[in-house]
Amino acid sequence: MEAMNEGEEDRNWACLPPDVLNVIAKCLNEISDFIKFRVVCHAWRSSTPITDLPAQFPLILDSPNYSRDPNLRFYSLSFNKTYTIPSPRALDKKYSSGPSSNGYMATLSKRNFRPVSLLNPLTNHEIYLPACPSVCDHHWIGSSQNQMGEYVILCYGRLCFHRTRLVFWHPGQRKWHRLKLGSAYKNCCHFYIRDMLFSIKRSTGVTKVTSITNGATTLLYDVPPPFEGYPYSAKCYYEYLVEDSLGDILRVSYDLEDELHIVYRLDVGYKNGSSPCWVQVSDIGNQAIFIDVHGAFMLRAGELSGIKKNSIYHLKKPRWETPIPISYYRPKRIDIDTYKIELLPCPLKYPSNWILPNLHHL
């Protein structure tokens, strides 16, 4: 035993083969463990590039807009841990707003409510935006969660859902571009996926699919509601659109009154000659949908420890009549096939966003 202990003391752990280090790093699904692993020595760091991150369970961000804590707080649902980091100085004069994309969040000026930058709250890296031609609100239409998309788009107008104008920005360009829509786009929820604008009419459930190319719009087709007589109400329904790993467009209709999530897949009908339609599905395979007030994204459940497949993870807004502030969201997991709801723990007071950890600027 003494000889074995002496051998352990003399072992040089920095000389572990790179392929072994890479396998170990892939098992570190908590971002803090991955960071600690890389700072042990140069050999461990060079064998685990940040461009090859292990799959990360999304963190929950405590909204900096409502919290009085000068620091940012994140909660790891999979490891039941709360992390606190210094608040980026960029947030001193800005509101965080809109959905996160590749770890970035949009910020608005507290002074004039115009977009200022895209901010990664974990790394304090900031992408500054050109001056915006109009005041806007928190309804941003961004790219997917996993990578920065081609456009960052925001809606603006007099009333929340009466917008018929958009302004959008292409990364690398020096100005925003205006886009005016017709009256048919009033009272719609807008989503931007693959250079197309999906506009769901809140009063009817009809979806308008519009191509956006070089600042011009072309209506491709209308998709009727999921079924005739669709019980649609702007007061009790929320809609989310997301692209899955196979490239299909999924629609999640959330009934606020009945606490019901129904998932549909867009069938464009080109193969069999039929018209585009929404088809209800009860199985999305080895995937999970993450929803917060700003938007939704999908992740493959098999790549992440703790994520259950064929599920929806929702930072849920409580009913209006409850004494809890409307900015308070409770995380829940919903089985898509059985509609079973599981309340998930969260010690944060104002959980607002799912944040997918991103280390490319560390």
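A contact means heavy atoms within 4.5 Å. The model is predicted: local features need pLDDT of at least 70 and side-chain atom pairs count only at pLDDT 80 or more, while totals for chains, interfaces and linings use all residues. Residues are numbered from 1 along each chain as its sequence is written, and side-chain values use heavy atoms, without hydrogens and water.

**Exercise 1.** State what share of contacts between residues at least 6 apart in sequence join residues at least 24 apart.

Solution.
- Take the contacts in the protein between residues at least 6 apart; 45% of them join residues at least 24 apart.
- The secondary structure in which they sit comprises four helices and 25 strands (DSSP runs numbered from the N terminus: helices H or I, at least four residues; strands E, at least two).

**Exercise 2.** Place Leu-299 and decide whether Leu-299 is buried or exposed.

Solution.
- Leu-299 lies in strand 21, residues 295-300.
- Its relative accessible area is 9%, so Leu-299 is buried (under 20%; exposed is over 50%, partly exposed in between; 1.4 Å probe, protein chains only).
- Ala-288 is 11 residues away along the chain, with a C-alpha separation of 5.5 Å from Leu-299.
- For the whole protein, 47% of the 362 residues are buried.

**Exercise 3.** Find which elements have the lowest and the highest mean pLDDT.

Solution.
- pLDDT is the predictor's confidence in each residue, from 0 to 100; its mean over the protein is 76, and 74% of residues reach 70 or more.
- Helix 1 (residues 2-10) has the lowest mean, 52, and strand 19 (residues 277-281) the highest, 93.
- Residues 144-148 have pLDDT below 50, yet the model gives this stretch 20 contacts beyond near neighbours in sequence.
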